[in-house]
Amino acid sequence: MTHQIWIQFGLAFALIGATTFLHAVMIVFGRKILRPVTNHEGLRGIASDTFRLVLISLWLFAAHIGSMWMWAALYLETGISQTLEEALYFSMVTYTTLGFGDILAPVDWRLLTGAASANGLLLLGLSGAVIIDFTERLRRGRH
């Protein structure tokens, strides 16, 4: 059993590293592509800022979907889930900490679900910080 614990921690660290890397890449590219434009005033500027805020939110959401797919792949590979739909559902429920409890990981793999939840909390928090920073940059560009 102790051996299984270390395998779970190893897999969790690897996946948390991979998902964090994915988010870092998405954040860097998203900020470069969707830089606030400071030369637009009035309604055109407001529309541009609104569009950019929606795009950065969707861009970050895509990073979260990618992370959930990574966890789902692990759930399939380890046999925690038997089908892709079940793996994705279980991944989304654990990653977002929703935790319905209608699907449970086998006892030998349940530590992974806590790691997935911690990963989701950290990356959702990071996305919130990025959106706040982006909004602040938009505001500073207007004043």
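# A tour from Val 93 outwards

Select Val 93 first: leaving out residues up to four places away in sequence, Val 93 touches Leu 98, Gly 99 and Phe 100, where contact means heavy atoms within 4.5 Å. The model is predicted, so local features need pLDDT of at least 70 and side-chain atom pairs count only at pLDDT 80 or more, while totals for chains, interfaces and linings use all residues. Residues are numbered from 1 along each chain as its sequence is written, and side-chain values use heavy atoms, with hydrogens and water left out.

Val 93 sits in helix α3; helices here are DSSP runs (H or I, at least four residues; strands are E, at least two), numbered from the N terminus. With a relative accessibility of 7%, Val 93 counts as buried, on a scale where buried means under 20% relative accessible area, exposed over 50% and partly exposed in between (1.4 Å probe, protein chains only). If you draw a C-alpha to C-alpha distance from Val 93 to Asn 119, the viewer should show 12 Å, across a separation of 26 residues in sequence.

**Helix α3 and what follows it**

Widen the selection to α3, whose 12 residues reach 16 Å from the first C-alpha to the last, close to the 16 Å expected at 1.5 Å a residue; the expected span is 1.5 Å times one less than the number of residues. Colour the buried residues of α3 next, which are Ala 87, Leu 88, Phe 90, Ser 91, Val 93, Thr 94 and Tyr 95.

Then step past the end of α3 to Thr 97, in the loop between α3 and α4 (110–142). The phi of Thr 97 is near 60 degrees, a positive value in a residue other than glycine, and Thr 97 counts as partly exposed at 39% relative accessibility.

**Where α2 meets α3**

Now show helix α2 (residues 42–78) together with α3 (residues 84–95): the two pack at an angle of about 120 degrees, with their axes 8 Å apart. Axes are lines fitted to C-alpha atoms, for helices over the stretch in contact, and angles run from 0 to 180 degrees between N-to-C directions. The pair is therefore oblique, given that angles under 35 degrees count as roughly parallel, over 145 as roughly antiparallel, 65 to 115 as roughly perpendicular and the rest as oblique.

On the α2 side, select His 64, Ile 65, Ser 67, Met 68, Trp 69, Trp 71, Ala 72, Tyr 75 and Leu 76, and on the α3 side Leu 84, Ala 87, Leu 88, Phe 90, Ser 91, Met 92, Thr 94 and Tyr 95, which together make the contact. By class, this contact holds 13 nonpolar, four polar and no charged residues, with Ala, Val, Leu, Ile, Met, Phe, Trp, Tyr, Cys and Pro counted as nonpolar, Asp, Glu, Lys and Arg as charged, and the others, Gly among them, as polar.

**The loop between α2 and α3**

Just after α2, select Gly 79, which takes a positive phi of about 85 degrees. Ser 81 lies in the loop between α2 and α3 and is buried, with a relative accessible area of 2%. Not counting residues up to four places away in sequence, Ser 81 touches Tyr 75, Leu 76, Glu 86, Ala 87 and Phe 90.

Thr 83 is found in the loop between α2 and α3 too, but Thr 83 is partly exposed, with a relative accessible area of 41%. A C-alpha to C-alpha line from Thr 83 to Arg 31 covers 36 Å, with these positions 52 residues apart in sequence numbering.

**Along α2 to α1**

Follow α2 along its length: at 1.5 Å a residue its 37 residues should span 54 Å, and the end C-alpha atoms are 55 Å apart, which agrees. Stop at Met 70, which belongs to helix α2 and is partly exposed, with a relative accessible area of 27%. Setting aside neighbours within four places in sequence, Met 70 is in contact with Leu 15, Ala 18, Thr 19 and Leu 22.

Finally, add helix α1 (residues 2–33), whose 32 residues should span 46 Å at 1.5 Å a residue and whose end C-alpha atoms lie 47 Å apart, which agrees. The axes of α1 and α2 come within 10 Å and cross at roughly 160 degrees, and the two helices are therefore roughly antiparallel to each other. Their contact has 18 nonpolar, seven polar and two charged residues. To finish, highlight the buried residues of α1, which are Gln 4, Gln 8, Ala 12, Leu 15, Thr 19, His 23, Met 26, Ile 27 and Gly 30.
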